[in-house]
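Biologist: Before we discuss the assembly, I should like each term to be justified by its rule. Please show the model first.

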Amino acid sequence: MTFSPADITAIWLTLKLATLVTLLLLLIATPLAWWLANTHSRLKVPVSALVALPLVLPPSVLGFYLLIAMGPQGPIGQLTQAMGLGTLPFTFTGLVIASIFYSLPFVVQPIQNALEALGKRPAEVAATLGAGPWDRFFSVILPLTRPGFMTATVLGFAHTIGEFGVVLMIGGNIPGETRVVSVQIYDHVEALQYGQAHSLALAMLALSFVLLLLTYGSRRAQVRVL
Amino acid sequence: MSHSRNSHLHIDLTLTNEGFCLQVSEQIPLQGITAICGPSGAGKTTLLRCIAGLERAKGEISFGEQFWQQGKSFVPTHKRGIGYVFQEASLFSHLSVAANLHYALKRAQQKPSAADMNALVDLMAIRPLLQRHPDTLSGGERQRVALTRALLSNPRILLMDEPLSSLDEARKQEILPYLEKLRNLDIPVVYVTHASQEIARLADHVIAMENGKVVVSAALNDALMHPQFPLNAIQQPGVVLRGEVSEIDEQWQLSATTLCGSNERLWVRHEGHPLHSQVRIHVLAGDVSITLSPSTDSSIQNIICCTLHSITDDRQPAMAMLHLQVGEQWLLARTTRRAVEQLKLHAGMMVWAQIKSAALL
């Protein structure tokens with residue numbers, strides 16, 4: 001199993017993308033999940049539906065709308081141009097933003113489920129013992145919902161690695177910038193380089209399996225400790 | 001006025017929520033144990049949560065001179081310096097017992113000294129549990145740890161929401177003595193309950209609620225004698241007498257309690273309370289009868305001299321309620337109106353109260 005320099009570049013880019021997206025998603029999804037888990041607002045249902053959309057939408061449809069929005073005439077494109085950043089399609093940044101939308105439900109939902117299952121009581125108890133909001137989150141809520149956050153991290157990471165349709169729409173196929181592993185595999189197959197495609201595909205398969213193995217393994221370990 | 005404000009938790013709240021309306025304007029004394037009682041759905045827990053800042057109603061709350069809630073300003077729970085014991089186990093399951101206690105200690109506004117902490121751990125008898133995990137404790141042990149944890153945050157007031165209701169009878173009896181010890185710690189306690197036994201045994205002041213409103217707010221015995229007191233609809237009125245164990249008769253397994261503020265003694269079944277311990281004795285109005293002279297040929301052991309203070313109507317037209325003064329304490333006797341007439345009972349006269357049955361709490 002050998003990787004060409006182009007394969008290595010694609011793998012590196014994919015890992016970079018997935019890591020960055022996962023970190024940003026944890027920052028975005030945690031307050032969003034907390035709000036969804038606690039709110040009685042009428043906005044809860046529409047917001048939940050919006051967050052879940054990428055689960056059912058063909059990635060090409062999501063990618064298409066993002067392409068339009070980030071394009072020179074789109075609202076995001078106009079904004080980025082006004083800020084002197086140019087337009088985002090066919091850039092790594094554009095890919096990061098698109099991936100955030102694409103993987104959002106995979107990160108929000110496990111965290112939201114964990115928070116809902118935990119309920120308000122532990123945070124209330126912590127408050128009565130003198131813990132402020134941030135203190136409550138890091139000393140009580142996070143440790144008690146760790147399995148949910150683990151699942152969210154792994155799913156967000158793995159799902160970002162696995163994206164293809166959105167990347168093609170928004171990122172195209174620029175080596176070192178937007179050509180991720182899934183696109184590289186597609187290119188190898190198009191060029192009838194089945195051996196190269198096999199190597200990359202097998203690497204992806206192994207990585208995904210190991211990631212899931214670690215998640216389920218850690219969950220079982222946690223149950224045993226308790 | 002300013003004095004009463006200093007020494008009270010002042011509450012003036014209105015909360016309307018899905019057909020339920022809480023409307024309370026009350027002063028809770030900042031000493032001793034105040035029991036909030038009433039049927040489920042009366043709003044007891046909601047009121048307690050509002051005091052803690054876990055729920056927000058319209059209105060005002062002030063603790064002594066400090067406002068906790070006024071207009072738009074609202075002091076959040078973690079800055080109120082309260083302790084709260086929840087109805088069910090609320091220990092953090094990711095921490096050991098010791099770490100649970102440490103959690104409170106670390107965040108206490110005024111940290112208790114190591115000596116205080118050790119004393120409290122021993123008072124609540126949880127030293128053997130320190131290294132255990134909350135999931136391995138019994139319900140009673142968990143509540144004892146939760147109580148200790150709340151006290152370790154050095155609260156200015158301790159709020160307890162039916163801390164015994166999730167426990168079986170044996171466990172309740174196991175915990176009650178620890179709750180009684182709260183009296184010695186000099187922290188004001190607000191205690192939500194619907195159990196009359198807990199009220200009689202623990203409370204100094206009683207607030208009875210119904211449908212989101214306060215129906216009675218009075219010192220314990222005034223509440224127990226109050227016709228509107230909700231528990232008096234299901235059980236007969238009675239009083240709780242305070243006293244000190246002054247003699248133990250090992251042969252007959254009886255102990256004598258000298259009533260506070262008088263020389264009268266009551267003999268009751270010995271329940272293991274040591275000599276000189278402070279105890280409470282529950283006496284129901286129906287268990288007290290009146291004679292004009294002390295009889296010596298009765299099986300009734302407890303006959304005490306008292307002054308008839310007043311005679312009031314009873315719920316039943318055939319009956320009357322006699323309010324008797326024993327030193328500085330009160331006793332209730334329920335007799336027929338005919339007996340009142342035949343014995344020519346009137347306020348101010350000296351009578352003998354025969355107490356058929358009395359129980360140490």
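**The interface and the pockets**

Modeller: Across the interface of chain A and chain B, the rule finds three salt bridges. This is a predicted model, in which local features need pLDDT of at least 70, side-chain atom pairs count only at pLDDT 80 or more, and totals for chains, interfaces and linings use all residues. Side-chain values use heavy atoms, with hydrogens and water left out.

Biologist: Why is the meeting of A:Glu124 and B:Arg49 called a salt bridge?

Modeller: A salt bridge requires a side-chain nitrogen of Lys or Arg within 4 Å of a carboxyl oxygen of Asp or Glu. The side chains of A:Glu124 and B:Arg49 have N to O at 2.6 Å, and therefore the pair satisfies the rule.

Biologist: What makes a residue pair a polar contact, and how many such pairs are counted between chain A and chain B?

Modeller: The term denotes a pair of N or O atoms within 3.5 Å; within protein, one must be able to donate a hydrogen and the other to accept it, and residues adjacent in sequence count only if both atoms are side-chain atoms. Between chain A and chain B the count is five residue pairs, with both residues at pLDDT 80 or more. On the side of chain A that touches chain B, helix H6 (121-128) and helix H7 (133-144) are the elements that give two or more residues; helices here are DSSP runs of H or I with at least four residues, numbered from the N terminus.

Biologist: How is the area buried between chain A and chain B defined, and what is its value?

Modeller: Buried area is the accessible area (1.4 Å probe) that two parts lose on being put together, summed over both. For chain A and chain B the value is about 1,700 Å², and carbon and sulfur atoms give 62% of that area. In chain A, the residues that lose the most area to chain B are A:Arg121, A:Thr128 and A:Leu129, together 38% of what that side buries.

Biologist: What makes a space a pocket, and what is the volume of the largest pocket?

Modeller: On a 1 Å grid over the protein atoms alone, a pocket is an open set of points where a 1.4 Å probe fits, with protein on both sides within 12 Å along at least five of seven lines; lining residues have an atom within 4 Å of a point. The largest pocket holds about 1,000 Å³ of space. Its lining has 31 residues, and A:Trp34, A:Asn38, A:Lys120, A:Ala123 and A:Arg136 are the closest to its centre.

Notes
Residues numbered from 1 in each chain as written. Chains lettered and ligands numbered in written order. Points joined across faces, edges and corners; volume = space filled by probe spheres on them.
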